[in-house]
Amino acid sequence: MERKITLSILLIIITFIVCLVLNFPDALMGDTPTIRNLIITFVFVAIWIFFFFIVSRNKNQAVMKFFLLFWLVTLFFAVLTALANGEIIDATWATAFIALLITPWYGIELLTDDFLITAIIISIISVLFLFAAGLSLVKSRSI
């Protein structure tokens with residue numbers, strides 16, 4: 001059981017780094033997203049879902065708290081990105097964090113053609129993952 005948890009954490013870290021590295025050049029240069037970027041984003045989400053189910057099944061609260069924290073931070077920076085894109089606030093201090101956490105999602109922009117909508121979609125997905133992680137933590141405590 002511990003081996004599955006360790007492997008799933010390793011898988012998610014490797015996936016995050018690979019998706020970041022593969023999407024970063026296009027995102028950095030402001031290139032139009034491609035099908036390749038979209039596939040990278042879908043793989044990123046699919047592996048997170050797989051990771052969630054493995055951790056939920058094993059009822060590992062420590063790893064689920066990591067999951068919850070990661071999606072909370074992602075939600076914060078996605079909302080910050082949306083607010084900055086709408087010129088509501090200045091978030092230049094967060095550029096490095098935004099680049100780190102939002103770049104794996106670059107493929108979504110192929111479907112939207114608008115970074116504000118992309119940030120909103122990332123925020124919604126983050127809320128869904130947060131809700132799932134919170135519910136899983138509550139269920140595992142009550143069992």
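**Exercise 1. Determine how the length of helix α1 compares with its expected span, and where the helix bends.**

Solution. Helix α1, residues 2-29, contains 28 residues, and the distance from its first C-alpha to its last is 41 Å, close to the 40 Å expected at 1.5 Å a residue. This model is predicted, and the values used throughout are computed from it. The next step is to look for a bend: a kink of about 40 degrees lies at N23 in α1, shortly before the proline P25. The final step is to follow the backbone past the end of the helix, where G30, just after α1, takes a positive phi of about 75 degrees.

**Exercise 2. List the buried residues of α1 and name helices that cover them.**

Solution. Taking under 20% relative accessible area as the cut-off for burial, one finds that I5, S8, I12, T15, F16, C19, L20, N23 and D26 of α1 are buried. N23, the residue at the kink, is therefore among the buried positions under that cut-off. The cover over the buried residues of α1 includes α2 (35-58), α3 and α4.

**Exercise 3. Describe the overall fold of the chain, beginning with its secondary structure and ending with its dimensions.**

Solution. The secondary structure comes to six helices and zero strands, and reading along the sequence gives the pattern α-α-α-α-α-α. The radius of gyration is 16 Å, close to the 15 Å that the globule rule gives for 143 residues, so the chain is as compact as a globular protein of that length. Along its principal axes, the C-alpha trace spans about 45 × 30 × 25 Å.

Two further values describe the packing: buried residues make up 43% of the 143 residues, and, of the contacts with a separation of 6 or more, 71% are accounted for by residues 24 or more positions apart. As for the surface, the chain exposes about 8100 Å², of which carbon and sulfur atoms supply 75%.

**Exercise 4. Identify which residues of the largest nonpolar core touch the most other members, and which helix supplies the largest share of the core.**

Solution. The largest nonpolar core has 34 residues, and those touching the most other members are F44, W48, F51, M64, F67, W71 and W105. Each of α1, α2, α3, α4 and α6 supplies at least two residues of this core, while the largest share, nine residues, comes from α3. As background, nonpolar side chains in soluble globular proteins tend to be buried together.

One of these core residues can be examined more closely: leaving aside neighbours within four places in sequence, W105 is in contact with N23, T41, F44, V45, W71, T74, T118, I122 and I125. The contacts of W105 thus include N23, the site of the kink in α1.

**Exercise 5. Compare the span of α3 with the expected value, and follow the helix from its buried residues to its end.**

Solution. The 25 residues of α3 should span 36 Å at 1.5 Å a residue, and the end C-alpha atoms are 35 Å apart, which agrees. The buried residues of α3 are V63, M64, F67, F70, W71, T74, L75, F77, A78, L80, T81 and A82. Just after α3, E87 takes a positive phi of about 60 degrees.

**Exercise 6. Locate E87 and D113, each with a positive phi although not a glycine, and state whether they are buried or exposed.**

Solution. Most residues other than glycine have a negative phi. E87, with a positive phi of about 60 degrees, is found in the loop between α3 (61-85) and α4 (95-102), and at 73% relative accessibility E87 counts as exposed. D113 also has a positive phi of about 60 degrees; D113 is found in the loop between α5 (109-112) and α6 (115-142) and is exposed, with a relative accessible area of 66%.

**Exercise 7. For the serines S126 and S140 of helix α6, establish the burial and the contacts of each.**

Solution. S126 lies in helix α6 and is buried, with a relative accessible area of 0%. Not counting residues up to four places away in sequence, S126 touches W71, T74 and L75, and these three residues are listed among the buried residues of α3.

S140, also found in α6, is buried with a relative accessible area of 15%. With residues up to four places away again left out, S140 touches K59 and Q61. By contrast, the C-alpha atoms of S140 and I88, 52 residues apart along the chain, are separated by 40 Å.

Key. Residues numbered from 1 in each chain as written. Predicted model: local features only at pLDDT ≥ 70, side-chain atom pairs only at ≥ 80, totals over all residues. Heavy atoms only, no water. Helix = DSSP H or I, 4+ residues; strand = E, 2+ residues; numbered from the N terminus. Buried < 20%, exposed > 50% of the residue type's maximum accessible area, 1.4 Å probe, protein only. Contact = heavy atoms within 4.5 Å. Expected span 1.5 Å × (residues − 1). Bend = angle between axes of the 7 residues up to and from the residue. Core = buried A, V, L, I, M, F, W, Y, C linked by side-chain atoms within 4.5 Å. Rg over C-alpha atoms; globule rule 2.2 N^0.38 Å. Areas by Shrake-Rupley, 256 points an atom, 1.4 Å probe, with all protein chains shown as cover.
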